Amino acid sequence: MHRVLVSRCLLGERVRYDGQAAAAYPLLAAWAAEGRVVPVCPEVEGGLPTPRPRAEIPGGQGAAVLDGRLPVVTIDGGDVTAAFLSGAERCLDLAARHGIRIAVLKAKSPSCGNDHAYDGTFTGTLLPGEGVAAAALRRAGVRVFHEDQLDDAQRLLESLEAE
């Protein structure tokens with residue numbers, strides 16, 4: 001059985017920066033009941049508290065954070081780059097340990113977003129980009145989806161199961 005790395009907030013855990021959880025997702029609950037889910041919150045795994053100040057990547061590019069070219073900053077000016085890098089490393093460790101090839105992570109997050117990220121101005125402006133953990137996982141060959149791409153993730157999972 002293939003395991004799937006899933007953002008803890010998408011599983012109903014109150015680990016988002018604002019201390020909230022995301023909506024419930026029946027498919028993720030079904031995967032969890034099958035024992036297929038490996039839960040993770042990269043920001044909490046990296047040592048950040050819940051709740052915590054909002055954070056964004058100037059330019060919205062998690063890969064640039066991995067390469068040491070951009071920081072991750074909080075709305076009050078703090079540099080939380082080290083925590084984001086540590087959380088991404090934890091995701092890679094989990095993926096390697098469990099042979100994970102699919103992740104479902106929270107959209108638009110500076111850690112987890114896989115196709116859009118906030119631009120670092122804290123104005124709600126989105127750019128094409130990805131979060132730090134999503135970029136690290138992608139580089140490691142893990143396919144990253146967000147909660148509005150669950151059908152795509154399910155199709156890939158079925159394909160992998162059929163191999």
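**Helix α4 and its surroundings**

The buried residues of helix α4 are covered by elements that include β1 (4–7), β2 (37–40), α2 (42–45), β3 (55–56), α3 (62–66) and α5 (132–139). All of this comes from a predicted model. The residues of α4 that end up buried are Thr-81, Ala-83, Phe-84, Gly-87, Ala-88, Cys-91, Leu-94 and Ala-95. As for its length, α4 runs over residues 81–98, and at 1.5 Å a residue its 18 residues should span 26 Å; the end C-alpha atoms do sit 26 Å apart, so the two values agree. Right after α4 comes Gly-99, which has a positive phi, near 60°.

Strand β3, one of the elements covering α4, is also home to Glu-56. With a relative accessible area of just 3%, Glu-56 counts as buried, because that value falls under 20%. Its side chain gets to the backbone nitrogen of Phe-122 at 3.1 Å and to that of Thr-121 at 3.3 Å. Leaving aside residues up to four places away in sequence, Glu-56 touches Pro-71, Val-72, Val-73, Pro-110, Tyr-118, Asp-119 and Gly-120, along with Thr-121 and Phe-122 themselves.

Elsewhere, two other helices pack together. Helix α1 (residues 26–33) meets helix α6 (residues 150–162) at an angle of about 35°, and their axes are 10 Å apart. On the α1 side the contact involves Leu-27, Leu-28 and Trp-31, while α6 brings in Leu-150, Ala-153, Gln-154 and Leu-157. Sorted by type, the residues of this contact come out as 6 nonpolar, 1 polar and no charged.

Technical notes:
Residues numbered from 1 in each chain as written. Predicted model: local features only at pLDDT ≥ 70, side-chain atom pairs only at ≥ 80, totals over all residues. Heavy atoms only, no water. Helix = DSSP H or I, 4+ residues; strand = E, 2+ residues; numbered from the N terminus. Expected span 1.5 Å × (residues − 1). Buried < 20%, exposed > 50% of the residue type's maximum accessible area, 1.4 Å probe, protein only. Contact = heavy atoms within 4.5 Å. Polar contact = N/O pair within 3.5 Å; in protein donor to acceptor, adjacent residues only side chain to side chain. Axes fitted to C-alpha atoms, helices over the stretch in contact; angles between N-to-C directions. Nonpolar A, V, L, I, M, F, W, Y, C, P; charged D, E, K, R; others polar.
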